[in-house]
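Reader: I have a structure open on my screen and I am new to this. Could you walk me through how to read it?

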Number of protein chains: 2
Amino acid sequence: MARDKEATKAKLLEAALDEFAEYGIAGARVDRIAAKAGCNKAMIYAYFDSKEGLFDELLKIQIDRVVRSVPITPDDLPGYAGRLFDAYQEEPRLLRLAAYHRLENGFESVPEPEVEAHRHKVEAIGQAQLDGKITVAFNATDLLDLVVHMSILGFSTPNANRDLVVRSVERLIAE
Amino acid sequence: MARDKEATKAKLLEAALDEFAEYGIAGARVDRIAAKAGCNKAMIYAYFDSKEGLFDELLKIQIDRVVRSVPITPDDLPGYAGRLFDAYQEEPRLLRLAAYHRLENGFESVPEPEVEAHRHKVEAIGQAQLDGKITVAFNATDLLDLVVHMSILGFSTPNANRDLVVRSVERLIAE
DNA sequence: GCCTGTCAACTAAACGGTTGGTTGCTATGA
DNA sequence: TCATAGCAACCAACCGTTTAGTTGACAGGC
């Protein structure tokens, strides 16, 4: 057998991504996760303590991944929205994961690293506004919220496409 | 006791709105719904067949309510978005209900009346465009999707407010 | 031989759904 | 007017299944 702790954790996390994205936290079944990962249910409790522990760890990793792979570009917010949109197209499970987390946990209990990343982005946008690079029609916080919200247009409609997202943000920030 | 079929159904629907909005479909517990409604669990199965049947009926009613109470105004889309936003502020459970339904059932299985209402709105917007009343920068379908998506800004951020939604739509449709 | 990763087998609790029977309104007919 | 039959509305208790979580035994590398 494998006998590789990290490999087992990775397989569990991948299976959990599938399961939680499809069924949500309440709807997910730990037996299915273990079966998909090809290992025993007890491993989940050995490595992640609980079903919720597994979800939290998974969400932290996934958010971290997207935050790292899509850095903010304050003077190209349409491009930023487009790249976020791309990331969600490439990994639709992430959007579902986040949506379930938001529904079941509210706006509190957002992982600290994400809060920190959010703060940094607001600051970057604020600086770009001070430099006169982008519109001051919205304050920095609202601007970031709007851009992020546009990037998840695919959550609202199956007709969403990259071009629509980019053009929308262009119009939102137009002088 | 009451012994009033319609009143009992109404109490069950109100309790179900609370329960499903808070916990989602998978997370909702029929025992809790019955307890909140102050009546027996068997009534749910007598009147709505199943947990899912209860949810479907509830969603249909709630969607119908908002569709009726917020008619589209093709030549005032910012106002339309604002009034939708107001409706969600007034009844936040509706947004959560719809989000859970969307996550657990996808874009298919949308109640037929809503599909019909959506068609009518696209048509109304298309006509307003033909009349030269609003922008043709987006096609009618995209425009409606964008306006509706802006109205649920509150799903993305706790900072959302009516003015932000209205101003955003104004900019989206600016010539 | 012992630490560590593994798992089948287990449990207690919770779950959606059913059932057999009770309650109270009302229509009927004497 | 009153007895009562019929029936829709209701409910406590229960059923089989599924659930998250536990445990004690076992296997393989050092």
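Author: Gladly! Let us begin with Ser109(A), which lies in the loop between helix H6 (92–105) and helix H7 (112–130) of chain A. Helices here are DSSP runs of H or I with at least four residues, strands are runs of E with at least two, and both are numbered from the N terminus. Two notes on the numbering and the model come next. Residues are numbered from 1 along each chain as its sequence is written, while chains are lettered from A and ligands numbered from 1 in the order in which they are written. This is a predicted model, in which local features need pLDDT of at least 70, side-chain atom pairs count only at pLDDT 80 or more, and totals for chains, interfaces and linings use all residues.

Reader: What is there to notice about the phi of Ser109(A)?

Author: The general idea is that most residues other than glycine have a negative phi. Ser109(A) is not a glycine, yet its phi is positive, near 60°. Ser109(B) also has a positive phi near 60°, and its place is the loop between helix H6 (92–105) and helix H7 (112–130) of chain B.

Reader: Is Ser109(A) buried or exposed?

Author: We count neighbours: a residue is buried if 20 or more other C-beta atoms lie within 10 Å of its own, exposed if 12 or fewer, and partly exposed in between, with C-beta atoms placed from the backbone. Ser109(A) is exposed because 10 other C-beta atoms lie within 10 Å. Ser109(B) counts as exposed too, with 10 C-beta neighbours inside 10 Å.

Reader: How many C-beta atoms surround Phe55(B)?

Author: Phe55(B) has 23 other C-beta atoms within 10 Å, so this residue is buried. Look for Phe55(B) in helix H4 (residues 51–69) of chain B. For its partners we need contacts, meaning pairs whose C-beta atoms, placed from the backbone, lie within 7 Å. Leaving aside neighbours within four places in sequence, Phe55(B) is in contact with Phe20(B) and Ile25(B).

Reader: How do I get an overview of chain A?

Author: Start by listing its elements. Chain A has 10 helices and 0 strands. Its C-alpha trace spans about 60 × 30 × 30 Å along the principal axes, and buried residues make up 35% of its 175 residues. Among contacts in chain A between residues at least 6 apart in sequence, 60% join residues at least 24 apart.

Reader: How far apart are the end C-alpha atoms of H10(A)?

Author: The expected span of a helix is 1.5 Å times one less than its number of residues. For the 12 residues of H10(A) that gives 16 Å, and the end C-alpha atoms are 17 Å apart, which agrees. Among the buried residues of H10(A) are Leu164(A), Val166(A) and Leu172(A). Their cover includes helix H5 (77–90), H8 and H9 of chain A, together with helix H8 (140–151) and helix H10 (162–173) of chain B.

Reader: How many residues does each chain bring to the contact between chains A and B?

Author: Chain A brings 26 residues and chain B brings 27. H8(A) gives the largest share of the side of chain A that touches chain B, with 6 residues. We can also sort residues by class: Ala, Val, Leu, Ile, Met, Phe, Trp, Tyr, Cys and Pro count as nonpolar, Asp, Glu, Lys and Arg as charged, and the others, Gly among them, as polar. That side of chain A has 14 nonpolar, 8 polar and 4 charged residues.

Reader: How are the two copies related?

Author: Copies are superposed by least squares on the C-alpha atoms of residues with pLDDT of at least 70 in both. A turn of 180° and a shift of 0.0 Å along the axis lay chain A on chain B with an RMSD of 0.1 Å. The two copies are thus related as by a two-fold rotation axis.

Reader: Which residues come nearest to DNA strand C?

Author: A residue is near a strand or molecule if its C-beta atom, placed from the backbone, lies within 6 Å of it. Of the 23 residues around DNA strand C, Thr8(A), Cys39(A), Asn40(A), Ala42(B) and Lys51(B) come nearest. H3(A) supplies the largest share of this surface, 4 residues. Around DNA strand D there are 20 residues, of which Ala42(A), Lys5(B), Thr8(B), Cys39(B) and Asn40(B) come nearest.

Terms used: Two residues are in contact if their C-beta atoms, placed from the backbone, lie within 7 Å.
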